[in-house]
Amino acid sequence: MPSRTASSEVGLSREQRGDRTVIALDGELDIASAPSLRERLHAALIDTGPYVVIDLSGVAFCDASGLALLVDARRRVRPGGTVVLAAPRPQLLRLLQVTGLDRVFTVYRSTDAAEQLDARSAAA
């Protein structure tokens, strides 16, 4: 039976939707993936709209290194910009709550909810 090794590569995709940027992560946000993901995430945050949604629905695991990446992403968004987190799995949502990061980030149950609420607040 062939042995299987875990990949330290995390998938990252970026989609521009008007003034909103959706960055979707897929894989494990951990100490093994953090170095390469940091560079790609920084590049994805260049020239974003004022509202950035980080879609966490594809994140299977997250440790302290992954949380640090999310906090760093928040700092790198252009001045006056907003970063929200969307669709974290239960384990990651619990981690955000335990660390207090659910009070630092606005966390939505889905990417659609994050975008709809943003559209309503922009119209107000």
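## Report on a predicted protein model

From the N terminus on, the elements of the protein follow the order β-β-α-β-α-β-α-β-α. The model is predicted. In total, the protein has 4 helices and 5 strands. Of its 124 residues, buried residues make up 41%. Among contacts between residues at least 6 apart in sequence, 73% join residues at least 24 apart.

### Helix α2 and its surroundings

Helix α2 spans residues 64-76 and has 13 residues. From its first C-alpha to its last, α2 reaches 18 Å, close to the 18 Å expected at 1.5 Å a residue. The N-terminal end of this helix is capped by aspartate 63, a side-chain oxygen of which lies 2.9 Å from the backbone nitrogen of serine 65.

Serine 65 is also one of the buried residues of α2; the others are Gly66, Leu67, Leu69, Leu70, Asp72 and Ala73. The buried residues of α2 pack against two other helices, α1 (34-44) and α3 (90-99), and against the strands β2 (20-29), β3 (51-62) and β4 (82-86).

Leucine 67 gives a closer view of this packing. The residue lies in helix α2, and it counts as buried because its relative accessibility is 8%, where buried means under 20%. Leaving aside residues up to four places away in sequence, leucine 67 touches Cys62, Leu92, Leu95, Leu96, Thr99 and Leu101. Leucine 96 stands 29 residues from leucine 67 along the chain, yet the C-alpha atoms of the two are separated by 8.2 Å.

### Helix α1

In helix α1, the buried residues are Ala34, Leu37, Leu41, His42 and Ala44. Seen down the axis of α1, these buried residues fall within an arc of 155 degrees, so they line one face of the helix. They pack against β1 (11-17), β2 and α2. Contact between the two helices thus appears from either side: the buried residues of α2 pack against α1 among other elements, and those of α1 pack against α2 among others.

### Residues in the loops

Three loop residues may be set side by side according to their place and their relative accessible area.

| Residue | Loop | Relative accessible area | Class |
|---|---|---|---|
| Alanine 32 | between β2 and α1 | 45% | partly exposed |
| Aspartate 47 | between α1 and β3 | 69% | exposed |
| Alanine 87 | between β4 and α3 | 12% | buried |

Alanine 32 and glutamate 9 are 23 residues apart along the chain, and their C-alpha atoms are separated by 8.3 Å.

Aspartate 47 and alanine 87 are notable for their backbone angles. Phi of aspartate 47 is near 60 degrees, a positive value in a residue other than glycine. Alanine 87 likewise has a positive phi, of about 60 degrees, although it is not a glycine. Aspartate 47 is exposed, as its relative accessible area is 69%, whereas alanine 87 is buried, with a value of 12%.

### Aromatic rings

A search of the whole structure for aromatic pairs finds 0 of them. An aromatic ring does, however, take part in an arrangement with a charged group: the charged end of arginine 74 sits over the ring of phenylalanine 105, at 6.0 Å from the centre of that ring.

Methods. Residues numbered from 1 in each chain as written. Predicted model: local features only at pLDDT ≥ 70, side-chain atom pairs only at ≥ 80, totals over all residues. Heavy atoms only, no water. Expected span 1.5 Å × (residues − 1). Buried < 20%, exposed > 50% of the residue type's maximum accessible area, 1.4 Å probe, protein only. Contact = heavy atoms within 4.5 Å. Polar contact = N/O pair within 3.5 Å; in protein donor to acceptor, adjacent residues only side chain to side chain. Arc of directions from axis to C-beta. Phe/Tyr/Trp six-rings, centres within 6.5 Å; stacked < 30°, edge-to-face > 60°. Lys NZ or Arg CZ within 6 Å of the ring centre and 35° of its normal.
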